Every structure is written in structure tokens, then in C-alpha cells.
Amino acid sequence: MKKVVVVAPTYNEIGNIDNLVKQVFDQQKKVPNWEIHLLVVDSNSKDGTIEIVRKLKKNYSRLHILETPKEGLGRAYIKGFKYSEDKINPYVVMEIDADGQHEPNKIPEFLKEIEKGADFVIGTRYSKGGSIPSNWGLHRKILSVGANLFVRLGFMKLRLTEWTNGYRAIKFWLVKKAYSHLESYSGYVFQVAFIDFALKNNAVMAEIPVHFKERKFDKSKINAVQYTLQVFLYVLTHSSFIKFVVVGFLGFFVDFGISWLMIEQLHKAVWVGTLVSTETAILSNFILNNYWSFAHKKIEGSGSFVKSFLKFNLVSSGSIAIQTGGMQLLTIIFGRKFWYLYKVLIIFFVIIPYSYILYNKVVWKNK
Ligand SMILES: Nc1nc2c(ncn2[C@@H]2O[C@H](COP(=O)(O)OP(=O)(O)O)[C@@H](O)[C@H]2O)c(=O)[nH]1
Ligand SMILES: [Mg+2]
């Protein structure tokens, strides 16, 4: 029988923990081929949460307790995962909030997705069938929807609708692999870092819709300003897409700078200056993308490096052809007065998606 450890971090959840424990173990009868364990990771709650859990432990042999210092949600989870590995040896771990916002009766659905082949199942509030509390104020709704949308767009991974909710099931092989990455993220941003890591390691992702209920007791422990900042910084420093756009801009300056140098300063023929500058920009873009934007798919070894560089040249020639053709077409239709506007539109709506998709599908394919 496969073991699943449901890890529930708690910080002052005395009014909620009782229900959580009962409801989690109520799911056992629905999943006879799984052995459900619940690990409460308490970070030094001052309200007596842990005393309640200790009492409950007498009735539930698969209820476990880990006490940690208060070092943030991410740290509590990592410690919980390591404890599970040492003491329980699970096939899957789950993340769940202990405050009643995640309904434990969804646990069987998570496990079903795992059985169907997923490595990482996310409970999403933002697809059909999921929800956030309807009585939340407008600013809270905007913050929640906005943060998610920012991450989705920042990573250009639109097929995932949820990045921040902490109701998940993850196969343990992936957890072990992720330790060293996740250890740098002690707070709530750990949730975003975990999905990013899973995607970069080609994990099979799945989503199931969940309702995010109103908290039953006490209030959220999140520091919204600090959290928003951490998420923003994480995306900026880890998104291949954002790095790819930055490299594109740098390439523009390399191209322009060398052209200027060769044509204006060295008085070379325009075609020579253009040829040298374009090819230098293509080469520098390729290197920067390989070692920075797509570092997780890095091409190594001189043979494959040259082959990929040639493919990169082909994709780049394609974007020159698209730009030239597109500019010509728009000029014929609308006249030449707004040529710069056409250029900006073509770059944003055609060249950027075209290059990003082909870099991912042709040059830096998944390993
Ligand atoms: N162990 C531990 N649990 C935490 C910590 N911070 C928050 N939690 C728990 O994590 C869960 C989610 O926290 P919550 O404040 O409800 O976040 P929100 O639902 O995103 O507003 C709850 O069960 C909290 O008790 C922490 O530093 N350590
Ligand atoms: Mg909560």
C-alpha cells in the first residue's frame, strides 16, 4: 500500500486544528489503496495548538507531530518533508492549510490524479469549479487574482491557472530533488518556487479545482507586502521568458552599436557593417540565452552547440523575414507614415511569441 503524508503547517490554529485532523482521517475510507498519514508541523504556536494535537494523537496512530522554530512557511514544509522521509517513507506528500480554507474531502481527487500519472497536482481556485471566498473585499480579490496572473504571465506558462495556493500533492522523488532549490525560500514564496522547479524538471503537472473557504478562526498570518515583493523578485530572477526579453533588448543594442561603429566610425560598406553586427548580435543572444535564459536546458558539447547555433540562426533569419514582410505589407496598406508603430507592433505581437516558441520547441527542447 502506498503512503501519503499530508503535511499541515500550523501557527496558532487552536480553533481549526481539531476539525482538520478529523476530516483528513475521514478520507481514509474513500481511498483503500492508500495509507493516509497526517503530519502537523507546528512552529512554536503560543495558543496551545500543539497540546490539542497531542491529545488527538491518542486516537490516531497515523497522526505525527513535528515542532520547529518559527522560521516561515517554506522552512516548516521542508522540515516536514524531511521528517516524513525519515520516519514514514511516503510515495506522495500533500500540502494543506490547517485553517479550514482547504477542504480535506478533496484529498481522494488529488490521489486519483497521482494514480493517473501526475507528479505534481495543484488545487486551483482559478479554473472552472474552483473559487475564492465571495465575501472577500475587492482589494483582497485583486491581490489574489493579480499575484497569480503576474506569475502566470511572468513565466509565460498559461496552462497552469494557479501558482500560489498551498493545497497540493507531490510525488516524493520530486520533493527530494527540490530540497536544495527550495531551501533558499523560507516564506510563502516557497510555493511559487516549487512549481517553477517542478516545471523546469519536466514534472507531469495536473490541476483540480478547489474552493478556498473563508478562514474559520483567527486571521491570515501572511505579510502581504513582503510576500508580494518576494514573488515579484522570484519571477524576475527565474523566468526564462523575462530573461529572453532582456536578452532580446541587449541584442538590439549590440546590433545597433556595432553597425554604428563600423559604418560611422570605420567607414566600412553598409552591407559589411550590417552583416557583422547582425551575426554578432545573433551569436551573443545565443550565448546569453544558453547560459542564462534557458540555463536549465543548457546545450553543452561542441557538436550540439554548433548544431543548435545553426538552428538559432535559422530561427533568427525567420524573424528578419517576418519583420521585412510584415513591414512591407503594413506600409502598402496604411502608408509609411507610422512605420515605427508597425515595427513595435510586429516585434511585440509576432516576433516575441514566434522566437520564444521556437527557442523552446526547436533550439532548447526539453531534455
Ligand atoms: N509551521 C508554520 N505554519 C505556518 C507559518 N505561517 C503560516 N503557517 C500556517 O500555514 C497555513 C496558511 O497560512 P495562512 O496565514 O492561513 O495563509 P493564507 O491562507 O495564504 O492567508 C496555516 O495553517 C498557518 O497556520 C509558519 O511560519 N510556520
Ligand atoms: Mg489561510
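Which domains does the domain assignment of the protein give?

1. **Domains.** The model under discussion is a predicted one. Its domain assignment gives domain 1, covering residues 2-237, and domain 2, covering residues 240-363. The C-alpha centres of domain 1 and domain 2 are 42 Å apart. Contact between them involves five residues of domain 1 and four residues of domain 2. On the side of domain 1 that touches domain 2, three residues are nonpolar, one is polar and one is charged.

2. **Overall architecture.** The protein contains twelve helices and seven strands. Along the principal axes, its C-alpha atoms fill a box of roughly 85 × 50 × 35 Å. Of the 367 residues in the protein, 34% are buried. Among contacts between residues at least 6 apart in sequence, 78% join residues at least 24 apart.

3. **The surroundings of ligand 1.** There are 18 residues around ligand 1, and those that come nearest are Pro9, Ser43, Ala76, Ser220 and Lys221. Strand E1 (2-10), strand E2 (34-42) and helix H3 (73-87) are the elements that each give two or more residues to this shell. By character, the shell around ligand 1 consists of seven nonpolar, five polar and six charged residues.

4. **Helix H1.** In helix H1, which runs over residues 17-26, the buried residues are Ile17, Leu20, Val21 and Val24. These residues lie on the same side of H1, because they cover an arc of only 95° around the axis. The elements that cover the buried residues of H1 include E1 and E2, together with helix H2 (49-57), strand E3 (63-67) and helix H4 (107-115). Strands E1 and E2 also give residues to the shell around ligand 1.

5. **Helix H5: length and buried side.** How far apart are the end C-alpha atoms of helix H5? They are 26 Å apart, which agrees with the 26 Å that the 18 residues of this helix (residues 138-155) should span at 1.5 Å a residue; the expected span is 1.5 Å times one less than the number of residues. Within H5, the residues Asn148, Val151 and Phe155 are buried. Their arc around the axis is only 65°, so they are on the same side of H5.

6. **Helix H5: packing and exposed side.** Helix H7 (190-200), helix H8 (224-238) and helix H9 (240-265) are what the buried residues of H5 pack against. Leu138, His139, Ile142 and Gly146 are exposed on the other side of H5. Just after H5, Met156 has a positive phi of about 55°.

7. **Asn89 and Asn202.** Asn89 is not a glycine, yet its phi is positive, at about 55°. Asn89 is located in the loop between H3 and strand E4 (92-95). Is Asn89 buried or exposed? Asn89 counts as exposed because it has 10 C-beta neighbours inside 10 Å, where the limit for an exposed residue is 12 or fewer. Asn202, likewise a residue other than glycine, has a positive phi near 55°. Its place is in the loop between H7 and strand E7 (205-209). Asn202 has 12 C-beta neighbours inside 10 Å and therefore counts as exposed.

8. **His211.** The loop between E7 and H8 holds His211. This residue has 15 other C-beta atoms within 10 Å and is therefore partly exposed. Which residues does His211 touch, not counting residues up to four places away in sequence? His211 touches Glu103, Gly130 and Ser131. For His211 and Gly130, the separation is 81 residues in sequence and 4.9 Å in space, C-alpha to C-alpha.

9. **Ile287.** Helix H10, residues 270-293, contains Ile287. With 14 other C-beta atoms within 10 Å, Ile287 is partly exposed. Ile287 and Val151 are 136 residues apart along the chain, and their C-alpha atoms are separated by 26 Å. Val151 is one of the buried residues of H5.

How values were computed
Residues are numbered from 1 along each chain as its sequence is written. Chains are lettered from A and ligands numbered from 1 in the order in which they are written. This is a predicted model: local features need pLDDT of at least 70, side-chain atom pairs count only at pLDDT 80 or more; totals for chains, interfaces and linings use all residues. A residue is near a molecule or strand if its C-beta atom, placed from the backbone, lies within 6 Å of it. Helices (H or I, at least four residues) and strands (E, at least two) are DSSP runs, numbered from the N terminus. Ala, Val, Leu, Ile, Met, Phe, Trp, Tyr, Cys and Pro count as nonpolar, Asp, Glu, Lys and Arg as charged, and the others, Gly among them, as polar. A residue is buried if 20 or more other C-beta atoms lie within 10 Å of its own, exposed if 12 or fewer, and partly exposed in between; C-beta atoms are placed from the backbone. The arc is that of the directions from the helix axis to the C-beta atoms. Two residues are in contact if their C-beta atoms, placed from the backbone, lie within 7 Å. Domain bounds come from an automatic or database domain assignment.
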